[in-house]
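User: I would like a close look at one part of this model. Please keep it brisk and explain as you go.

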Amino acid sequence: MQRYLVALQCLPCRTERPHAVTYLGNVFASATCTVCGATARPRTDVLIAQYVRDFEQRLVRKPGRMLTRARRDPVTFVLHYLPHGLVSKPREVLQEWEALVRLNAATSTAPPDAEPAEVRTAGR
Ligand SMILES: [Zn+2]
């Protein structure tokens, strides 16, 4: 999960404000205005579909990248990259899944015909 601070146009503030933007993998997950707390995020089902697609692409790319690295520098690959790739990446993926589950639980009370991009004010 990646977090960035990005200047975006805020609808409630009617001006550009710094937003805390969250990505799950390469998929946009939410943008929260740091001034008024309004949050814009894709619908949860859309987010999950995009995340799964992104996750599949990351898995597909991985073997090729690992093989290239192994051929270029086998010792470094075995000593450093391989344990890192096997141990730390699944944890990162697990954290992303946990974030998705939390998001899903938080938005599952929303009406089924909610707007495609939900905008919520602070203090839900
Ligand atoms: Zn705002």
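In the hairpin of S1 and S2, which residue takes a positive phi, and how many residues lie between the strands?

Analyst: Arginine 14 is the residue with the positive phi, near 55 degrees. Four residues lie between the strands of this hairpin. Keep in mind that this is a predicted model.

Start with the two strands themselves. S1 covers residues 2–10, and nine bridges join it to S2. The two strands run antiparallel. S2 spans residues 15–24. One bridge links leucine 8 to its partner in S2, arginine 17.

Now stay with arginine 17 for a moment. Arginine 17 is partly exposed because 18 other C-beta atoms lie within 10 Å, and a buried residue needs 20 or more. Leaving out residues up to four places away in sequence, arginine 17 touches Leu8 and Cys10. Cys33, Thr34 and Val35 are also among its contacts. Threonine 32 sits 15 residues from arginine 17 along the chain. Their C-alpha atoms are 9.7 Å apart.

Next, follow the chain out of S2. Six bridges join S2 to S3, again in an antiparallel run. Histidine 19 has cysteine 33 in S3 as its bridge partner. The S2 and S3 hairpin has two residues between the strands. There, glycine 25 takes a positive phi near 65 degrees.

One more hairpin follows. S3 (residues 27–33) pairs with S4 (residues 39–42) in the antiparallel sense, over two bridges. Alanine 31 is matched with alanine 40 in S4. Five residues lie between the strands of this hairpin. Among them, glycine 37 has a positive phi near 85 degrees.

Where does this part fit in the chain? From the N terminus on, the order of elements is β-β-β-β-α-α-β. That gives two helices and five strands. Buried residues make up 10% of the 124 residues. Look also at contacts with a separation of 6 or more: 45% of them join residues 24 or more positions apart.

The strands also meet the nonpolar core. The largest such core has six residues: Leu24, Val27, Ala29, Leu47, Tyr51 and Leu103. S3 and helix H1 (44–72) each supply at least two of these residues. Take tyrosine 51 as an example. Not counting residues up to four places away in sequence, tyrosine 51 touches Leu24, Gly25, Val27 and Leu100. Gly25 is the glycine with the positive phi in the S2 and S3 hairpin.

Last, check the confidence. The chain averages a pLDDT of 73, and 55% of the residues score at least 70. Among the elements, S2 has the highest mean pLDDT, 93. Strand S5 (residues 117–120) has the lowest, 48. Over residues 82–87 the pLDDT is below 50, and this stretch has two contacts in the model beyond near neighbours in sequence. Residues 110–120 also stay under 50. For that second stretch, the model has 11 contacts beyond four places in sequence. Where pLDDT is low, the predicted coordinates should not be read in detail.

Terms used:
Residues numbered from 1 in each chain as written. Predicted model: local features only at pLDDT ≥ 70, side-chain atom pairs only at ≥ 80, totals over all residues. Buried ≥ 20, exposed ≤ 12 C-beta atoms within 10 Å, placed from the backbone. Contact = placed C-beta atoms within 7 Å. Pairing = 2+ DSSP bridges. pLDDT = per-residue confidence, 0-100. Core = buried A, V, L, I, M, F, W, Y, C linked by C-beta atoms within 7 Å.
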